[in-house]
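Visitor: Please take a close look at how the helices pack in this model, and at the loops and buried cores that go with that packing. A connected account would be preferred to a list.

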Amino acid sequence: MVTARAAEQRLALLQRQGQVQGSVYRALGQEGGVAAAYALRRPLKGARDFVAPSLRGCAAHLLFGGSLKDYFRQHLGRVTSPSHGREGGVYWGDHTRGILGPVAPLGTMVEVMAGITLAFRLRDEDRVGMVFSGDGATSTAAWHEGLSLASAQRCPMVLVIENNQWAFSTPTDRSSRLETFAKKGPGYGIGADSVDGTDVEAVYSAGARAVGRARAGEGVQLLELRYFRRSGHAQHDTQEYVDPAVLAEWEGRDPIRRLEASLLEREWATASQLSAVSDEAEAAVESAASGALEDPVPEGPEALEDVYTDVRARTPWTRLSPHPTPP
């Protein structure tokens with residue numbers, strides 16, 4: 001959580017300096033959501049579980065073995081990035097580590113994870129998939145279609161709804177009459193739970209329960225995390241539509257500060273240990289960002305490789321159609 005926040009802060013600075021051409025989506029105030037993914041299995045080898053982070057899922061990437069350097073390379077559009085500089089943002093993943101990259105539009109991620117977890121069930125594999133989506137995505141057709149399939153097929157999937165109370169600049173109460181998105185669960189015949197997303201221990205416990213039920217064959221489980229998006233939809237969004245008093249209230253419920261206070265109160269950590277965690281995170285972020293900045297950007301032709309293909313070179317076209325190959 002601490003490392004992800006430091007990375008996002010550095011990335012926001014790089015964007016203001018003109019180094020980042022794409023969008024930067026921060027998870028400020030939502031970092032506690034990664035605790036749900038701690039219940040997943042993430043070995044280096046073997047039948048690992050799958051996670052599909054949201055746009056603000058830097059922490060989940062790191063949890064599943066993604067590197068900070070790749071995080072910066074990707075946003076900086078470097079040729080050494082996972083997309084080789086062809087996509088300068090968050091739409092990337094690593095299936096070898098069990099990371100499904102975000103799909104736009106975001107509701108589609110539920111459909112993709114439904115297919116992945118259906119494969120787990122059909123192959124009788126002891127694996128679970130967890131997909132994160134915002135409250136806004138629950139209003140999309142793809143979200144409901146994916147959930148309908150997954151619930152009917154009893155897929156081992158955990159659907160985490162990050163209710164941060166905003167879909168870009170639309171407040172949740174303008175898009176839904178539900179007081180809690182957990183009420184969507186019974187409509188699909190699935191288990192559902194809702195917890196305070198700023199309480200990291202509560203998030204972990206709820207995530208462990210949901211993953212356990214999905215792994216035991218009880219089908220899809222829905223988990224709502226309630227918190228507040230304390231930055232704009234992306235860095236270009238100044239969030240002027242949010243009452244400053246509300247932002248201040250939620251800042252007082254910061255998930256990292258709350259967890260630190262809890263650890264200190266129970267004497268499970270000292271102030272110096274927590275300070276060391278922060279210092280270590282800052283050093284790691286500085287090293288990764290500096291290293292990524294030194295990497296080259298792709299040359300013009302490189303940026304188009306594996307993006308487009310020449311349909312005239314596709315010989316199957318002439319076999320599938322009686323008509324001549326188009327010019």
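Guide: The account below begins with an enclosed helix, passes to two helix pairs and the nonpolar cores, and ends with the loops.

The model is predicted, so local features need pLDDT of at least 70 and side-chain atom pairs count only at pLDDT 80 or more, whereas totals for chains, interfaces and linings use all residues. Residues are numbered from 1 along each chain as its sequence is written, and side-chain values use heavy atoms, with hydrogens and water left out.

Helix H4 (68-76) lies in the chain ahead of helix H5 (108-122), with a loop between them; helices (H or I, at least four residues) and strands (E, at least two) are DSSP runs, numbered from the N terminus. H4 is largely enclosed by the rest of the structure, because 8 of its 9 residues are buried, where buried means under 20% relative accessible area, exposed over 50% and partly exposed in between (1.4 Å probe, protein chains only). The buried residues are Leu68, Asp70, Tyr71, Phe72, Arg73, Gln74, His75 and Leu76. They pack against H1, helix H3 (58-63) and H11, contact meaning heavy atoms within 4.5 Å. After H4 comes Gly77, with a positive phi near 70°.

Two of the partners of H4 also pack against each other. Helix H1 (residues 2-16) and helix H11 (residues 271-294) have axes 9 Å apart and meet at an angle of about 40°; axes are lines fitted to C-alpha atoms, for helices over the stretch in contact, and angles run from 0 to 180 degrees between N-to-C directions. That makes H1 oblique to H11, since angles under 35 degrees count as roughly parallel, over 145 as roughly antiparallel, 65 to 115 as roughly perpendicular and the rest as oblique. The crossing of H1 and H11 is right-handed: a crossing is left-handed if the near helix is turned anticlockwise from the far one by less than a right angle, and right-handed if clockwise. From H1, Val2, Thr3, Ala6, Ala7, Gln9, Arg10 and Leu14 take part, and they meet Val277, Ser278, Ala281, Glu282, Val285, Glu286, Ala289 and Leu293 of H11. The residues of this contact comprise 9 nonpolar, 3 polar and 3 charged; Ala, Val, Leu, Ile, Met, Phe, Trp, Tyr, Cys and Pro count as nonpolar, Asp, Glu, Lys and Arg as charged, and the others, Gly among them, as polar.

A second pair is formed by H5 and helix H6 (141-152). Their axes are 6 Å apart, at an angle of about 20°, and the two helices are therefore roughly parallel to each other. H5 passes H6 in a left-handed crossing. Thr108, Val110, Glu111 and Ala114 of H5 make the contact with Ala142, Trp143, Glu145, Gly146, Leu147, Leu149 and Ala150 of H6. By class, the residues of the H5 and H6 contact are 7 nonpolar, 2 polar and 2 charged.

The cores complete this picture of the interior. In the largest nonpolar core, which has 47 residues, Leu40, Phe72, Met130 and Val158 touch the most other members; such a core is a set of buried Ala, Val, Leu, Ile, Met, Phe, Trp, Tyr and Cys residues joined through side-chain atoms within 4.5 Å. Helix H8 (residues 200-215) gives the most to this core, with 6 residues. A second, separate core of 23 residues includes Leu100, Met113, Ile116 and Trp143. Beyond residues up to four places away in sequence, Val158 touches Val128, Gly129, Met130, Val131, Ala210, Val211, Ala214 and Gln221.

The loops remain. Most residues other than glycine have a negative phi, and most peptide bonds are trans. In the loop between H4 and H5 lies Pro105, joined to Ala104 by a cis peptide bond with omega of about 0°. That loop also holds Arg86, which counts as partly exposed at 28% relative accessibility. Neighbours within four places in sequence aside, Arg86 is in contact with Glu302, Ala303, Glu305, Asp306 and Val307. Arg86 and Glu305 are 219 residues apart in sequence, yet their C-alpha atoms are 8.6 Å apart. Val307 belongs to the loop between H11 and helix H12 (316-320) and is partly exposed, with a relative accessible area of 44%.

Two non-glycine residues have a positive phi: Arg154, at about 50°, and Glu267, at about 60°. Arg154 sits between H6 and strand S3 (157-163) and is partly exposed at 48%. Glu267 sits between helix H10 (255-265) and H11 and is exposed at 70%.
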